[in-house]
Each structure stands twice: as structure tokens, then as C-alpha cells.
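Q: Hey, can you walk me through this one? I'd like to start with charged side chains and see where that takes us.

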Amino acid sequence: MVGHLAHISDDNAAWVISWHLAGNMDCVITKTTAEAQKIFHSERGRQQVMALDNIYVNPGNRPLPHIKNGLELFSPVGNPLYARNLLIYTTEEESCERVFKNILGNTILMDDIESATNYRKAVIEKGNYCPTILTLDGNRLGASGNLGGAQNKAPHKDMVKKFGAPLPQRYYELQQEIELLIQYRSALEKKEDAEDERKNTILTLSEIQQEMDETKAELQEIERRLGKRRPEDISEPSGLMIKRPR
């Protein structure tokens, strides 16, 4: 759903943008028209759907209406910016940009309704088109110039289904630290395993050396004993007749 595709850090911005998009927040985004049609029929038309392959948006990004050829036509008050620039996408950034460029368009966000009306007046005086302006104090100034009335005033924050806030930066820092600790633990375990294997190898070699030393000693003892015996001490086996040559 649209409401799950983005986060907004500033609470007031999340409030007013979410209210402005209230009719689209539960819209399900699909990759293809076929998938959208399948959901439409299975839900008997009760579920709002939008297919990515059925969205057209103008390529590129046009500057704010008070900027022309890279130069400001006047110095605005109220910090105007495109509302969609505050969105932090949770997945598939390119697709999300298409979705929100389609449903949010060039809607501008400013500090308050007074600066918004003055900004629109100055833009019109310069002969430029001014899109819808949302304000952080919960107002909407329509692209046609209309303001005021219940339809252009955001309800209380608790009554608006808002975009969620992103996880704090400290969360991502901790994630990196955890990953480093996991890598460190793995390397330490490998080192300990290698050390144990080396100790076992040394112990085995020591045992083999000891066996070789014992065997060598036994052979030397046998050789020593053989070396002490005289040839005449080696008698022929009894009971055998040996025929000597004449």
C-alpha cells in the first residue's frame, strides 16, 4: 500500500502530507495492469489499486516556481520545497518515485499559511503557475488559489493515518556494530580452532617422536647385544648332520 512505501522524519510534515494523500494511503501498488485487474476483480472493486505500467510521469524534475534558468525570481519566505523530497522510500526507490510523483506531483510544502499565500501571490505576479501548497501548520492552499474551509484544514494528528518515521540513525550504527562483532567472533573462533589444531598436531608429533626414540633405543640395544657375541658362540643347530667338503 502507498502508506507503507515511505517514511517521513518530520512529524508535522508526515501529518499534513498524509492528510493530503488520505484518499491514496490504502491504494495497493502493483507492477502490472494484469495484477491490478486481478485484485480489482477479486475484491469486487472495493480495493483501490494502481499499476506501475499504467503510470505516466514527466521525466526530470522541474525547479520550484520561483526559480527560472537557475536563478531566483524573488527571495521566498517560508522554506518552500517539493513535498515528495521529504519521502524516504522503504523499498524499490525508482518505482516509489514514480508512484509519488504521480499522486503527489509538484505539491509544495511550506512553514505556514501566511508565507504560502505570499509565495503564491509572488509566483503568479511573475507569470508562473503555482501548484498546491501544504503548510506545516496543517493548511492547504489549492492550485486554483482556494484556501480555508474544512476541506483545506487538516484534522487533529491523532485522526490522520500517517506515514511512519524512519528508524533513528543510531539503529543503523548499532546494526553495523553488531555485524562487526559477528565477524570478529567468527574470526576469533577460527583462530581458536587453528590454535587447538596446532596444539593437537604438536602433541601428536611429540608422541610420534617419543615412539621413534623408543624404537631407536630398542634397535640400538639389539645391535649392542649382537655386537658382543663372538662368531664361535653361534653354534649350528643340534641334531643336524652337516656334510663338509673334502
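Q: What do the side chains of Glu92 and Lys31 do?
A: They meet in a salt bridge, 2.7 Å from N to O. A salt bridge here is a side-chain nitrogen of Lys or Arg within 4 Å of a carboxyl oxygen of Asp or Glu. Keep in mind that this is a predicted model: local features need pLDDT of at least 70 and side-chain atom pairs count only at pLDDT 80 or more, while totals for chains, interfaces and linings use all residues. Residues are numbered from 1 along each chain as its sequence is written, and side-chain values use heavy atoms, with hydrogens and water left out.

Q: Okay, and where do Glu92 and Lys31 sit in the chain?
A: Glu92 is in the loop between strand S7 (88-89) and helix H3 (93-103), and Lys31 is in the loop between strand S2 (28-30) and helix H2 (33-42). The two are 61 residues apart, so the pair links distant parts of the chain. Helices (H or I, at least four residues) and strands (E, at least two) are DSSP runs, numbered from the N terminus.Q: Is Lys31 buried or exposed?
A: In between: Lys31 counts as partly exposed because its relative accessibility is 47%. Buried means under 20% relative accessible area, exposed over 50%, and partly exposed in between (1.4 Å probe, protein chains only).

Q: How many salt bridges are there in the whole structure?
A: Nine. One of them joins Lys157 and Asp11, at 3.4 Å from N to O. Lys157 lies in the loop between S10 and H5 and Asp11 in helix H1 (residues 11-20), so this pair ties together parts that are 146 residues apart in sequence.

Q: What about Arg225 and Glu221, how far apart in the helix are they?
A: Four residues, about one turn of helix H5. Their side chains meet in a salt bridge of 3.0 Å, N to O. Arg225 counts as exposed because its relative accessibility is 55%.

Q: Switching topic: how many disulfides does the structure hold?
A: Zero, where a disulfide is a pair of cysteine sulfur atoms within 2.5 Å. For Cys27, the nearest cysteine sulfur is that of Cys96, 13 Å away. Cys27 is buried, with a relative accessible area of 1%.

Q: Last one: which residues form the negative surface patch?
A: Glu207, Glu211, Asp213, Glu214 and Glu218. Patches are made of residues with over 30% relative accessible area and no salt bridge, with like charges joined within 9 Å and nonpolar side chains (Val, Leu, Ile, Met, Phe, Trp, Tyr) within 5 Å. Asp213 lies in helix H5 (residues 169-228) and is partly exposed, with a relative accessible area of 41%.

Methods:
Accessible areas come from the Shrake-Rupley method with a 1.4 Å probe; for residues, only the protein chains shown count as cover. Lys and Arg count as positive and Asp and Glu as negative; His and the chain ends are not counted. The place of a charge is taken as NZ of Lys, CZ of Arg, CG of Asp or CD of Glu.
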